[in-house]
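Here is a friendly walk through a structure you can turn and inspect as you read. Keep the viewer open, and follow the topics in order.

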Amino acid sequence: MSTNKIKVGRENSTDIELYYEDHGDGRPVVLIHAWPLDGRSWEKQTSALLKAGYRVIAYDRRGFGGSSRPSSGYDVDTLAADLHTLVTTLDLRDLALVGYSMGGGEVARYLGTYGSERVKKAVLIGSVTPFLLKTPDNPGGVDGAIFDGIQQALTADRFAFLPAFLRNFYNADVLEGKLISKEVLESNWNVAVDASPIATCECVSAWLGDFRKDLASFDIPTLILHGGADRSVPISVSGEPTHALVKHSRLVVIKDAPHGLTWTHAEEVNRELLSFLGS
């Protein structure tokens with residue numbers, strides 16, 4: 001077991017470092033978390049992967065958790081470069097990349113930019129791919145005013161915005177007291193408000209990356225996992241078109257699952273994840 005930091009850049013007099021945890025042995029699996037959480041949000045997947053004999057590396061995106069909190073670098077190209085630095089510094093090979101929500105965009109841009117020489121499989125869970133923004137060539141996307149409103153609300157009072165966001169993340173109006181507890185919601189809020197205010201706001205723009213060319217370049221087996229009741233990133237604008245673009249992909253829809261399916265539907269997620277990684 002080890003806990004470490006890896007340097008990915010520098011801002012003025014300070015190194016920019018990623019905090020990561022590296023546990024177990026076997027084939028490596030790198031976990032890239034959702035916004036606005038950190039690597040600890042993979043709790044249920046980490047334990048299942050370790051029991052199955054994998055080496056599990058979970059890191060905190062810059063600006064979140066134990067990583068550095070620079071004033072810039074929250075565009076998807078820089079975030080993918082951070083992932084590349086982690087992979088090459090640890091000299092990971094034959095690995096699986098697992099990206100959740102915003103992390104799915106980082107997996108897509110990583111593979112589109114750096115290729116699959118080191119990567120054997122990819123998993124996209126509730127991913128923001130292929131392109132969320134409504135444009136003339138993407139008429140099924142989401143109106144940009146929605147994302148502008150999120151950034152404005154975060155700037156005005158992120159402490160007040162995040163509870164409602166997290167309740168929607170987990171479909172808490174339906175699932176609280178059944179598949180999600182108020183304590184988990186409170187813990188998630190604590191993690192979210194502890195993140196860098198700049199990172200929390202700036203990362204919203206990274207959700208709008210156009211990953212269509214990245215996905216079309218995928219040449220490895222890819223699992224796409226999505227909640228059938230995802231309100232944050234609806235499957236019709238994400239999971240389904242992503243599946244259509246990735247040649248070697250399998251789409252699995254978890255019935256009635258929200259965006260926060262890695263917690264609420266962890267058993268189903270873990271079963272699909274382990275089956276795919278072991279196939």
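In helix 1, which spans residues 43–51, the buried residues are Q45, T46, A48 and L49. They pack against strand 3 (28–32), strand 4 (55–59), helix 10 (261–264) and helix 11 (266–278). Please keep in mind that this is a predicted model.

**Just past helix 1**

- G53 follows just after helix 1 and takes a positive phi of about 95°.

**The cavity**

- How many cavities of 30 Å³ or more does the structure hold? There is 1 of that size, and the volume of the largest cavity is about 50 Å³.
- The residues that line the largest cavity are R27, P28, V29, Y54, D94, L95, A96, K120, K121 and L277.
- Strand 3, strand 5 (95–100) and strand 6 (119–125) each contribute at least two residues to this lining.
- By character, the lining of the largest cavity splits into 6 nonpolar and 4 charged residues, with no polar ones.

**Helix 7 and its cysteines**

- Helix 7 runs over residues 197–206, and its buried residues are A199, T200, C201, C203, V204 and A206.
- The cover over these buried residues of helix 7 includes helix 2 (76–89), helix 3 (102–114), helix 4 and helix 6 (182–194).
- At the N-terminal end of helix 7, S196 acts as a cap, with a side-chain oxygen 3.2 Å from the backbone nitrogen of I198.
- How many disulfides does a search of the whole structure find? The search returns 0. C201, for instance, is in no disulfide, and the nearest cysteine sulfur, that of C203, is 9.5 Å away.
- Why is C203 without a bond to C201? The two sulfurs are 9.5 Å apart, which is too far for a bond, because a disulfide requires cysteine sulfur atoms within 2.5 Å.
- Are these two cysteines buried or exposed? C201 is buried, with a relative accessible area of 14%, and C203 also counts as buried, at 0% relative accessibility. Both values fit the term because buried means under 20% relative accessible area.

**N171, in a loop**

- Where is N171 found? N171 sits in the loop between helix 4 (144–169) and helix 5 (172–175).
- Although N171 belongs to a loop, this residue counts as buried, at 4% relative accessibility.
- The side chain of N171 reaches the backbone oxygen of A229 at 2.9 Å.
- Setting aside residues up to four places away in sequence, N171 touches A229, R231 and P258. A229 is thus found both among the residues that N171 touches and as the owner of the backbone oxygen that the N171 side chain reaches.

**L223, in a strand**

- L223 is part of strand 7, which covers residues 222–227.
- Is L223 buried or exposed? L223 is buried, with a relative accessible area of 0%.
- Which residues are in contact with L223, leaving aside its neighbours within four places in sequence? They are A122, V123, L124, R250, V252, E272, L273 and F276.
- For a sense of distance, L223 and R109 are 114 residues apart in sequence, and their C-alpha atoms are 16 Å apart in space.

How values were computed
Residues numbered from 1 in each chain as written. Predicted model: local features only at pLDDT ≥ 70, side-chain atom pairs only at ≥ 80, totals over all residues. Heavy atoms only, no water. Buried < 20%, exposed > 50% of the residue type's maximum accessible area, 1.4 Å probe, protein only. Helix = DSSP H or I, 4+ residues; strand = E, 2+ residues; numbered from the N terminus. Contact = heavy atoms within 4.5 Å. 1 Å grid on protein atoms, 1.4 Å probe; cavity = no way out; pocket = protein on both sides within 12 Å on 5 of 7 lines; lining within 4 Å. Points joined across faces, edges and corners; volume = space filled by probe spheres on them. Nonpolar A, V, L, I, M, F, W, Y, C, P; charged D, E, K, R; others polar. Polar contact = N/O pair within 3.5 Å; in protein donor to acceptor, adjacent residues only side chain to side chain.
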